[in-house]
Amino acid sequence: VYVLGEEEHMRGGNVYGAPGGAFDEATSMFSMAETLLRREGMTFRNVVRTWIYLRDMDRDYADLNRARRVFFKSRGLALRPASTGIQGSPFPGEHNFSMGFLAVKSPSPLEVEVMSTPTLNEAWTYGSDFSRGLKVTEGNKTALYISGTASVDEEGRTVHDGDLEAQVDRMLHNISTLLLEQGASFGDLVSGITYLKRAADASRLRKIFRDRGLDALPNAMVKAGVCRPDLLCEMEAIAVLP
C-alpha cells in the first residue's frame, strides 16, 4: 500500500483461493482478494486492473469467466476492471489460479472511464467480464490501463488464424485505436508486455515492431498461452498522460 497525496493505492500479487474445482477455486481467489481489500477499507469497486494467471488456459478459462461473472454480479459491479487473463504457473503448485490487482481509493471521487474503440466490441458481450481499458485520472497523472488485447475484430472473433504478422498488426491496430480515443499514442506508453504462444516467434515479433517504428517501446516479451487456441499473441500496456 502506498499513498500519493490523498490517494491510497493498493497492489496485490499471487492472490489465490482454496484448491478445488476450477469454478470454486476461481471464486475463492476473488473472495481472498476482497478480504485483502477490506483490510484497507476498499472493495472491488476500487479495483482498476487485474492480472489473472491460469495453469491450464484451455481447460479452465471458461470456468474463470463464469466465476468472475457470478462474483461481480453478486457485488453489483457495473464498472469492470481492465484485465489480462493469461497462462502462468501459480505458486504453490496445488493452485490453478492466481491474481494480481491494483486498487485506488480517494476521499474525492476518482474519474474512472471505460476505454473503448470501434475496432473492438466489449468483452463482456461474449462472457469475459473486463473492460478493454480503463482511464483513471489521479492526483498526479492520467493513467490508461489497457487490457490484454489480441487479434480480435468488431464482433469479438479471432482474425488471421495462423498468421503471426497479421495478428500482430491487428493487435497493434486495436491498441492504437484505444489510445487514440483518449488522445494518446504508442509514444505515451510507459509499460507493455507482449505474450507469445510460441517462444520461437520472439525474433519475428521484434522485427515486426522494428519495421513499424515501435522497437523503442518499453515492452517485455513472455512465452505464455493466450486465452484462445487460435491466438498467437496478446499485448497489455499502460500509458501515462499529464
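Which elements do the buried residues of H4 pack against? The views below come from a predicted model, where local features need pLDDT of at least 70, side-chain atom pairs count only at pLDDT 80 or more, and totals for chains, interfaces and linings use all residues. Residues are numbered from 1 along each chain as its sequence is written, and side-chain values use heavy atoms, without hydrogens and water.

**View 1. The buried side of helix H4 (residues 202–211).** Ala202, Leu205, Ile208 and Phe209 are buried (under 20% relative accessible area, 1.4 Å probe, protein chains only). Helices here are DSSP runs of H or I, at least four residues, and strands are runs of E, at least two, numbered from the N terminus. The four buried residues cover an arc of only 120 degrees around the axis, so they sit on the same side of H4. The arc is taken from the directions from the helix axis to the C-beta atoms. These residues pack against H3, strand S9 (189–196), strand S10 (219–223) and strand S11 (233–241). Contact means heavy atoms within 4.5 Å. Gly213, with a positive phi near 75 degrees, follows H4.

**View 2. Ser83 in strand S4 (residues 82–87).** Ser83 has 3% relative accessibility and therefore counts as buried. Its side chain joins that of Thr50 in a polar contact of 2.7 Å (a pair of N or O atoms within 3.5 Å; within protein, one must be able to donate a hydrogen and the other to accept it, and residues adjacent in sequence count only if both atoms are side-chain atoms). Not counting residues up to four places away in sequence, Ser83 touches several residues, including Arg49, Ile52, Phe130 and Gly148.

Notes:
Buried < 20%, exposed > 50% of the residue type's maximum accessible area, 1.4 Å probe, protein only.
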